[in-house]
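Q: Hey, can you pull up the model so we can go through it together?
A: Sure, here it comes.

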Amino acid sequence: MNSPLNVKAYSEADFSIGDKKFVSDIEKYICRFGKQICVNNVIVDLGCGPGNITERVSLKWPMAKVIGIDGSQEMIDVAIKRKYSSRENKRLSGMTYIKQNISEMCSEGSNKIPFANFVISNSLLHHMHNPSNFWEAIKRISFSGSLQVHRDLRRPSSAKEVLALQRKYLPKAPQVLIDDYHASLYAAFTVSEVKDQLKIAGLDHLKVFELNDRYLEIVGIC
């Protein structure tokens, strides 16, 4: 997402309710799977965009090393600018950003990311033209026993449902966001398709389930 118009629209949009809920869900899964976030544990946020969730995670668990990864230098630039202009800047010392594509993370010798104890992503999977790269990247950067929490849109069954979801969740958004939302819903996967992806990747022990009327979540120990 390198277009200045897209970057501006996403960085200015208010996704705070959904972002807060996602971080709350991460905390819930940490407890459910008997995990603890300890000093110097690494949390990787794949497809971090302008850093909305990355920053929330870092503030929630300041003892951890939190790394936001995105393939767009423009998004990374916005995220870094936000970090240093934040009133909470002193509490974000453990948070860093790295520009890297998922495909680069799959290549021998090209991955810049340290091994992670926790890997999260929000609405990234549907951007993958080849979703096998996403799962391969996760395997390459994850410690054995790492907790995975990935949330994404779920493809609706009809164009009518796409329009209904957009009118419900983005009724007055800028046109660029509305267009992207439509495209994202059409590009998203079903639970069944994600289960097939996980089976091919050898990650079918991860659980996939529907979440409310528009999301799916993939959760488990890698």
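Q: Leaving aside neighbours within four places in sequence, what is L46 in contact with?
A: This is a predicted model. In it, L46 is in contact with I69, I102, M105, V119, I120, S121, N122, L124, F134, I138 and I141.

Q: And which residues touch the most other members of the largest nonpolar core?
A: V44, L46, W135, V194 and I218 do, in a core of 30 residues.

Q: Which element gives the largest share of this core?
A: That's α6, with five residues. Elements that each supply at least two residues include β1 (42-46), α9 (191-201) and β7.

Q: How many residues are in the other core?
A: That one has 17 residues, among them V23, Y29, I120 and V149, and it lies apart from the largest core.

Q: OK, new topic: what's the strand order in the sheet?
A: The order is β3-β2-β1-β4-β5-β7-β6, an open sheet of seven strands with mixed pairing.

Q: Why is one side of β3 and of β6 left without a neighbour in the sheet?
A: β3 (95-99) and β6 (207-211) stand at the edges and each has a single partner strand, so one side of each has no neighbour there. From one strand to the next, the twist averages 20°.

Q: Which helix packs on the sheet, touching β2 and β3?
A: Helix α4 (residues 73-85) does, and its direction makes about 165° with that of β3.

Q: Do tell, how many bridges join β5 to β7?
A: Seven, with β5 (residues 142-153) and β7 (residues 215-221) running antiparallel. L147 stands opposite I221 in β7.

Definitions and conventions
Residues are numbered from 1 along each chain as its sequence is written. This is a predicted model: local features need pLDDT of at least 70, side-chain atom pairs count only at pLDDT 80 or more; totals for chains, interfaces and linings use all residues. Side-chain values use heavy atoms; hydrogens and water are left out. Two strands pair if DSSP finds at least two bridges between them. Helices (H or I, at least four residues) and strands (E, at least two) are DSSP runs, numbered from the N terminus. Axes are lines fitted to C-alpha atoms, for helices over the stretch in contact, and angles run from 0 to 180 degrees between N-to-C directions. Contact means heavy atoms within 4.5 Å. A nonpolar core is a set of buried Ala, Val, Leu, Ile, Met, Phe, Trp, Tyr and Cys residues joined through side-chain atoms within 4.5 Å. Buried means under 20% relative accessible area, exposed over 50%, partly exposed in between (1.4 Å probe, protein chains only).
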